[in-house]
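Work through the exercises below with the sequence and the model side by side. Try each task before reading its solution.

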Amino acid sequence: MTLLLGAWTIGLILSLLALGVFISFRVFHFPDITADGSITLGAATAAVLIAGGVPPLLATLAGFLAGLVAGALTGVLHTKFGINGLLAGILVMTALYSVNLRIMGRSNLPLVGADTLMAEAENLGARALGGAASFHLGSWEIYGRDLFALLLTFLLVAVVGAGLYAFLRTNLGTAMRATGDNDQMIRALGVNVGNMIILGLAISNGLIAMAGALLAQYQGFADVQMGIGMVVWGLASVIIGEALVGSTQLGLVIAGAAMGSVLFRLLVAIALRAGLNPNDLKLITAVFVFAALVLPALLARLSRAEVRDA
Amino acid sequence: MLDLDGVSKTFNPQTANEVRALQNVHLGIDDGSFVVVIGTNGSGKSTLLNAVAGTFFVDRGAIRIAGRDVTRWPEHRRAALIGRVFQNPFSGTAPQMTIAENLALATRRGLARGLGWALAPSFRTEMRERVRRLGMGLEERLDNVIGSLSGGQRQALTLLMATWRRPELLLLDEHTAALDPKSAEQVVRLSEEAIARDRLTTLMVTHSMHQATALGDRLVMMHRGRVLHDLHGAEKQRLRPADLLARFEEVRRAEQLDESAAAMLERQYV
């Protein structure tokens, strides 16, 4: 049960990553690789602040802000200096590696015993269960720590998801979606497309860094390597989410990205338990995204061929 | 209203592909005037429209709209003064967004976009009313995505969006060229209605001789980046497609003469 609740919690945390990737890849059609660096940036920023005694919620918010800056930087490199979007992301991601090391002062920063959001969830759990560490639900033993970590994460993600949904329906957010959909049109309606991309990438990387901040608190450390392959992970979640909800309606798409992230994490947890070598995980994730990108077109071609042959 | 003062634009300067798209164009358009621009392929008529819209900056000359010098204004800033309908029906609307969302975007053309709701409930009534006037039954489909509509429907909506807030200047860039005849006729009628209702200053580029003679109160014929003819008033009203064809024929002959002269010179001297 601990494994299941843990997978859910991590899935929910990473759904913020999925929402960030949704903004860059789906709203703007912008292949933003900054994410690999900004998720670590969020983790590093929050971890250092928490280790220094800053309240964990504030530290998480600081992680969000740090991601905001990183994303805006990629946007500026792309729109103001005319650097190819993919390269702009790579530049910032590469630079962030050093920045993250500078922030942490070393490559791994443990948070054992520190006052993290998850430690607070644990306290809450202990209080709610009247001091007991666990309780039984049927034949399952459920630890208060796991349950409350999950509830707290769910609450946070729900608030952020609802906030994003609301934002994308404001005048500004609607213009942002239109920028990704048809930039010629939105320019003709008086919107500065470059500024819109900068703002969008800032929000995207802010969310991703927030996922990093929460992840560091959940797993109890920040590591300079933790961002590797995270873009692909987020993209896989978004693709699964789209398949789950099968709709382009904004609210459903956002909920779908979160659900996709949780489902993907659960699948991975099951596969690992079944004996999958953790070292192969990135390869499998990449192959999965490849298949998800290629299969729809391939299936369409096959069905067309069938129609022709019939 | 609109003043082009010695405007020139050369694409790919000093290369083999150099194109002098606009050469010292002077054009003044009065408030409320409806000007039709016609010309052969490559005559610079679409370039003229894009120069006004700010798709690129001109090399020389000045552009003024409603008394403001917009020569160095970027496209999105000029959009506060200009409503635009493109040739491609896909260009003027956001296909993955709903009709209502597209219209909501148009209501804030040139205004700051903040954190107010894009689709306020009170706004729906007005939206419904104005979409109904298009006579396409789209008022019942406000929450459908634009991508599900036909080219004619999209173009009618783009026109509505371009004129939702009264623009100082309306630019129509061969906006019916990609439509089937029936839709084209419908969009032309809607354009005329909008222009007459709000007394819009309009610059319309067209390929159609019929539209060029039937619409507008002034006709500008362009050739090789210059204004060749500029017909006003009674002269414009009397103009028939046949007269226009004759003028094109004249251009063609002159061109041929030029070419044969060039060929002769080449034989003699090269």
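The exercises cover helix packing, sheets, the core, the chain contact and two backbone outliers in this predicted model.

**Exercise 1. Classify the packing of H1(A) on H10(A), and list the residues that make the contact.**

Step 1. Two packed helices are described by the angle between their axes and the distance between the axes.
Step 2. Take H1 (residues 2-27) and H10 (residues 230-245) of chain A: the angle is about 85 degrees and the axes are 8 Å apart.
Step 3. Angles of 65 to 115 degrees count as roughly perpendicular, so H1(A) is roughly perpendicular to H10(A).
Step 4. H1(A) contributes Leu14(A), Ser15(A), Leu17(A), Ala18(A), Gly20(A), Val21(A), Phe22(A), Phe25(A) and Arg26(A). From H10(A) come Met230(A), Val231(A), Trp233(A), Gly234(A), Leu235(A), Ser237(A), Val238(A) and Gly241(A).
Step 5. Sorted by class, this contact has 11 nonpolar, five polar and one charged residues.

**Exercise 2. Work out the strand order of the six-stranded sheet in chain B, and find its edges.**

Step 1. The order is S6-S7-S8-S3-S9-S10 (chain B), the sheet is open and the pairing is mixed.
Step 2. S6 (82-85) and S10 (226-232) of chain B each have a single partner strand, so one side of each lacks a neighbour in the sheet.
Step 3. On average, neighbouring strands are turned by 20 degrees against each other, direction ignored.
Step 4. Now add a helix. H5 (residues 151-163) of chain B packs on this sheet and touches S6 and S7 (169-173) of chain B. The direction of H5(B) makes about 175 degrees with that of S6(B).
Step 5. Check the pairing of S10(B): six bridges join S9(B) to S10(B), and the two run antiparallel. Leu219(B) stands opposite Leu231(B) in S10(B).

**Exercise 3. Describe S3(B): its partners, and which way its residues point.**

Step 1. S3 (residues 34-39) of chain B runs parallel to S8 (residues 202-205) of chain B, joined by four bridges.
Step 2. S3(B) also pairs with S9 (residues 218-223) of chain B, in the parallel sense, over five bridges.
Step 3. Use Val35(B) to fix the register. Its partner in S8(B) is Leu203(B). Its partner in S9(B) is Arg218(B).
Step 4. In a regular strand the side chains alternate between the two faces of the sheet.
Step 5. Here Phe34(B), Val36(B) and Ile38(B) point one way, and Val35(B), Val37(B) and Gly39(B) the other way.
Step 6. Six of the six residues of S3(B) are buried.

**Exercise 4. Lay out the four-stranded sheet of chain B, and place the helix that lies across it.**

Step 1. This open sheet has the order S2-S1-S4-S5 (chain B), with antiparallel pairing.
Step 2. S2 (19-29) and S5 of chain B are the edge strands, each pairing on one side only.
Step 3. Seven bridges join S1 (residues 2-11) of chain B to S2(B). Phe11(B) stands opposite Val19(B).
Step 4. H1 (residues 45-53) of chain B lies across S1, S2 and S4 of chain B, at about 65 degrees to S2(B).

**Exercise 5. Trace the largest nonpolar core, then the contact between the chains.**

Step 1. The core has 165 residues. Among those with the most contacts inside it are Leu16(A), Ala211(A), Val37(B) and Leu203(B).
Step 2. H9 (residues 193-219) of chain A supplies the largest share, 17 residues.
Step 3. Not counting residues up to four places away in sequence, Leu16(A) touches Val157(A), Val160(A), Leu207(A), Ile208(A), Met210(A) and Ala211(A).
Step 4. Turn to the contact of the chains: 25 residues come from chain B and 20 residues from chain A.
Step 5. On the chain B side, H2 (75-78) and H3 (99-107) of chain B are the elements that give two or more residues. H3(B) gives the largest share, four residues.
Step 6. By class, that side has 11 nonpolar, eight polar and six charged residues.

**Exercise 6. Are His29(A) and Ala66(B), with their positive phi, exposed or buried?**

Step 1. Most residues other than glycine have a negative phi.
Step 2. His29(A) has a phi of about 55 degrees and lies in the loop between H1 and H2 (34-51) of chain A.
Step 3. His29(A) has 11 C-beta neighbours inside 10 Å, so it counts as exposed.
Step 4. Ala66(B) has a phi of about 50 degrees and sits in the loop between S4 (60-65) and S5 (68-69) of chain B.
Step 5. Ala66(B) has 15 such neighbours, so it counts as partly exposed.

Conventions: Residues are numbered from 1 along each chain as its sequence is written. Chains are lettered from A and ligands numbered from 1 in the order in which they are written. This is a predicted model: local features need pLDDT of at least 70, side-chain atom pairs count only at pLDDT 80 or more; totals for chains, interfaces and linings use all residues. Axes are lines fitted to C-alpha atoms, for helices over the stretch in contact, and angles run from 0 to 180 degrees between N-to-C directions. Angles under 35 degrees count as roughly parallel, over 145 as roughly antiparallel, 65 to 115 as roughly perpendicular and the rest as oblique. Two residues are in contact if their C-beta atoms, placed from the backbone, lie within 7 Å. Ala, Val, Leu, Ile, Met, Phe, Trp, Tyr, Cys and Pro count as nonpolar, Asp, Glu, Lys and Arg as charged, and the others, Gly among them, as polar. A residue is buried if 20 or more other C-beta atoms lie within 10 Å of its own, exposed if 12 or fewer, and partly exposed in between; C-beta atoms are placed from the backbone. Two strands pair if DSSP finds at least two bridges between them. A nonpolar core is a set of buried Ala, Val, Leu, Ile, Met, Phe, Trp, Tyr and Cys residues joined through C-beta atoms within 7 Å.
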